[in-house]
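I am opening a fresh page for this model. My plan is to go through the fold, the rings and the odd backbone spots, and to write down what I find.

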Amino acid sequence: MTFFRKPQWDRFKDNDVTPEEVFRARRQIAKALGLGAISASVPLNVQAGLLDWFSQGSDTDAMAPRRPLTSVSSNNYGISDELTPEDKILTHNNFYEFGTAKTDPYKHAQGLKTQPWSLSIEGEVDTPLTLDVDELIKSLPIEERIYRLRCVEAWSMVIPWLGFPLSALLKKANPTSRAKYVAFETLYDPKQMPGQASRFVGGGIEYPYVEGLRMDEAMNPLTLISVGLYGQTLPPQNGAPIRLVVPWKYGFKSIKSIVRIRLVETMPPTTWNLLASHEYGFYANVNPQVDHPRWSQASERRIGAGGLLSAKRIPTELFNGYGEQVAGMYGDLDMRQWY
């Protein structure tokens, strides 16, 4: 078995993003990306998303309305990295329920009905609950936490989330001693989510989208239930009205638009692991030493004020830079076998 020592992290600066280059046609974009040369190593949906990124504008006037949230800043969870501009966070998303291109969620999710919204907590708990999300938001202190988000596709952002610890939510249901894992489920509503109605639109995924954490991961202080970002409630394309954020794991673990949480005794199924188990493991901890079968994970492009290609490529850190807080959970786990 592999044992990890707590590493000494070398902090990098992210305030030197180069100016955005102007791309005037998809042919020029493809040439700059070298898509012809890398098509064997980059999935078609990623290529399409990269092209879509440069062809879209940053106008967010057509977005569903958002409400301001009162929060307190949490100094314990802040980082010095430069924030990703809000317009990029709102228009560059993976949410296959609304399409596989990066701007599809922004374009197609605005009609998602997020009020009222119920969340159930069940399974190995003494007090099963069905909660109204608006009432839940009022009942718990909302914190602002600035976290890095690292996508498995090797791009990253820095996002000022608003939310509360997942542990505070789970404690409301009084987990039993048999609760070893936490399973999450996204809303299933093909009438509202075109990717669920069409396997072509939704990337061939079996819906509803499901995810899971080990119980100690769920109770870790870093694990956040987010209900907002940049001072306001979540927009639909970012997982409104309530989503998970696990900053030391690849972004697909941070399930969106949650309707059900179930505490269970055995490891629950997870969507991307079901779709391609040789590429996406249950743990999905950010690890620059373990490449995706089709691309390297050693570095990432930090999305900033410019376009994706103008963002400076930076080294990826083990556990996305959160090793001091989480590495102890994996001391007896072979991170190559349990990727």
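I take helices (H or I, at least four residues) and strands (E, at least two) as DSSP runs, numbered from the N terminus. This is a predicted model, in which local features need pLDDT of at least 70, side-chain atom pairs count only at pLDDT 80 or more, and totals for chains, interfaces and linings use all residues. Residues are numbered from 1 along each chain as its sequence is written, and side-chain values use heavy atoms, with hydrogens and water left out.

**Entry 1: Ala-101**

I looked up Ala-101 and found it in the loop between helix 4 (86-91) and helix 5 (104-108). I call a residue buried under 20% relative accessible area, exposed over 50% and partly exposed in between (1.4 Å probe, protein chains only). Ala-101 counts as buried because its relative accessibility is 12%. I also checked Gly-203: its C-alpha is 9.9 Å from that of Ala-101, with the two positions 102 residues apart in sequence.

**Entry 2: the whole chain**

I counted 11 helices and 13 strands in the protein chain. Of its 339 residues, 58% are buried. For contacts I used heavy atoms within 4.5 Å. Among contacts with a separation of 6 or more, 74% come from residues 24 or more positions apart.

**Entry 3: an open sheet**

Two strands pair if DSSP finds at least two bridges between them. I traced an open sheet of 5 strands in the order 3-2-11-6-7, with mixed pairing. Strand 3 (129-132) and strand 7 (210-214) are the edge strands, and each pairs on one side only. Strand 2 (residues 118-123) runs antiparallel to strand 3, and 4 bridges join them. Ile-121 stands opposite Leu-129 in strand 3.

**Entry 4: rings**

I paired rings of Phe, Tyr and Trp (its six-membered ring) if their centres lie within 6.5 Å; planes under 30 degrees apart are stacked, over 60 edge-to-face, and the rest tilted. That gave 10 aromatic pairs. Tyr-147 and Tyr-322 are edge-to-face, 5.9 Å centre to centre with 80° between the planes. Tyr-147 is in strand 4 (residues 143-150), while Tyr-322 is in the loop between strand 13 (313-315) and helix 11 (323-326), 175 residues apart. Tyr-147 counts as buried at 0% relative accessibility, and Tyr-322 does at 4%.

Tyr-181 and Phe-282 form another edge-to-face pair, at 5.9 Å centre to centre and 80° between the planes. This pair ties together parts 101 residues apart in sequence, because Tyr-181 lies in strand 6 (residues 181-186) and Phe-282 in the loop between helix 10 (271-275) and strand 12 (299-302). Both Tyr-181 and Phe-282 are buried. Ring pairs link them into a cluster with Tyr-283, Phe-319, Tyr-330 and Trp-338.

I then looked for charges over rings (NZ of Lys or CZ of Arg within 6 Å of the ring centre and within 35 degrees of the ring normal). The charged end of Lys-253 sits over the ring of Phe-282, 4.3 Å from its centre. That of Arg-145 sits over the ring of Tyr-77, 3.7 Å from its centre.

**Entry 5: backbone**

Which bond is cis, with omega near -5°? I noted the peptide bond from Gln-115 to Pro-116. Tyr-207 and Pro-208 are also joined by a cis peptide bond, with omega about 5°.

Ala-284 is not a glycine, yet its phi is positive, about 55°. Ala-284 counts as buried at 3% relative accessibility. Asn-320 likewise has a positive phi, near 60°, and is buried with a relative accessible area of 2%.
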